[in-house]
Amino acid sequence: MTAIEQDTVASVHYTGTFPDSGEEFDSSRGGEPLTFLVGHKGMIPGFEREVMGAKSGDSRTFTLEPDDAYGMPSDELVQEVPREMFPEDMPLDLGMMLMSDGGPFRIVAITDNTVRCDFNNSMAGKTLHFEVEVMDVRAATPDELAHGHAHGPGGHHHHNEPDAEKDDDCGDDCC
Ligand code: ZN
């Protein structure tokens, strides 16, 4: 039976909680398992490290410090943006999450002229607890290794490649 290692594709069910409060922040239970290509930076580093060597049916429980998860928040990712950069009729509220070309950000302060935008991942600085159950492990296909992500259920879907010639051409829906 295949064990999770570099260049395998793992499917896992997981539940993530904050160890302090026990509050659940994410879970795959009740939906498709999470499917990912191992060793291609698709996952937070500690998560992959902790499931290495696990086989289908194995469970792992572990707690990750921020450095092994989403890192620490950085002041450099908090930026003052002129108010006029936002559409005039857009209501802006503290704590609001918005999307930009540079990724999602949260509004942390508003003045008459500027909006302070925090681009840090909302999970940055947090210690995370995971319960993981391995559902399936298989070798990655050459296409998956070339693309750097898993295909198929729970992974990336390519809708525009009926023709095998295009197998190594990532479509628009591909990261
Ligand atoms: Zn792909």
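Visitor: How many bridges join strand β1 (residues 8-17) and strand β9 (residues 128-139)?
Guide: Welcome to a predicted model, where local features need pLDDT of at least 70, side-chain atom pairs count only at pLDDT 80 or more, and totals for chains, interfaces and linings use all residues. Residues are numbered from 1 along each chain as its sequence is written. Strands are DSSP runs of E with at least two residues, helices are runs of H or I with at least four, both numbered from the N terminus, and two strands pair if DSSP finds at least two bridges between them. β1 and β9 pair in the antiparallel sense, and their bridge count is 10.

Visitor: Which residue in β9 is the bridge partner of T15?
Guide: T15 falls within β1, which covers residues 8-17. Across in β9, its bridge partner is E131.

Visitor: Which residue in β3 stands opposite A10?
Guide: β1 also pairs with β3 in the antiparallel sense, over four bridges. In β3, the residue opposite A10 is F36.

Visitor: Which residue in the turn of the β1 and β2 hairpin has a positive phi?
Guide: Three bridges join β1 to β2 (residues 24-27), and the two run antiparallel. One link is T17, whose bridge partner in β2 is E24. The hairpin has six residues between its strands, and the one with a positive phi, about 80 degrees, is G22.

Visitor: Which element gives the most residues to the largest nonpolar core?
Guide: Such a core is a set of buried Ala, Val, Leu, Ile, Met, Phe, Trp, Tyr and Cys residues joined through C-beta atoms within 7 Å. This core holds 18 residues, and A10, V12, V51 and V134 touch the most other members. β1, β3, α1 and β9 each supply at least two residues. With five residues, the element giving the most is β9.

Visitor: What is V51 in contact with, leaving aside its neighbours within four places in sequence?
Guide: Contact means that the C-beta atoms of two residues, placed from the backbone, lie within 7 Å. V51 is one of the core members that touch the most others. Its contacts are I4, A10, V12, R60, V132 and V134.

Visitor: Is K41 buried or exposed?
Guide: K41 lies in the loop between β3 (34-37) and α1 (45-51), and its C-alpha atom is 8.4 Å from that of G148, 107 residues apart along the chain. A residue is buried with 20 or more other C-beta atoms within 10 Å of its own, exposed with 12 or fewer, and partly exposed in between, with C-beta atoms placed from the backbone. Because K41 has 10 other C-beta atoms within 10 Å, it is exposed.

Visitor: Which strands are the edge strands of the open sheet with the order β5-β8-β7-β6?
Guide: This sheet has four strands with antiparallel pairing. An edge strand pairs on one side only, which here applies to β5 (78-82) and β6 (97-100).

Visitor: Which residue in β8 stands opposite V81?
Guide: β5 and β8 (residues 114-118) pair in the antiparallel sense over five bridges. Opposite V81 in β8 stands V115.

Visitor: What distance separates the centres of domain 1 and domain 2?
Guide: The bounds come from an automatic or database domain assignment, which divides the chain into domain 1 (8-70 + 125-166) and domain 2 (75-118). The C-alpha trace of the chain spans about 60 × 45 × 30 Å along its principal axes. Taken over C-alpha atoms, the separation of the two centres is 31 Å.
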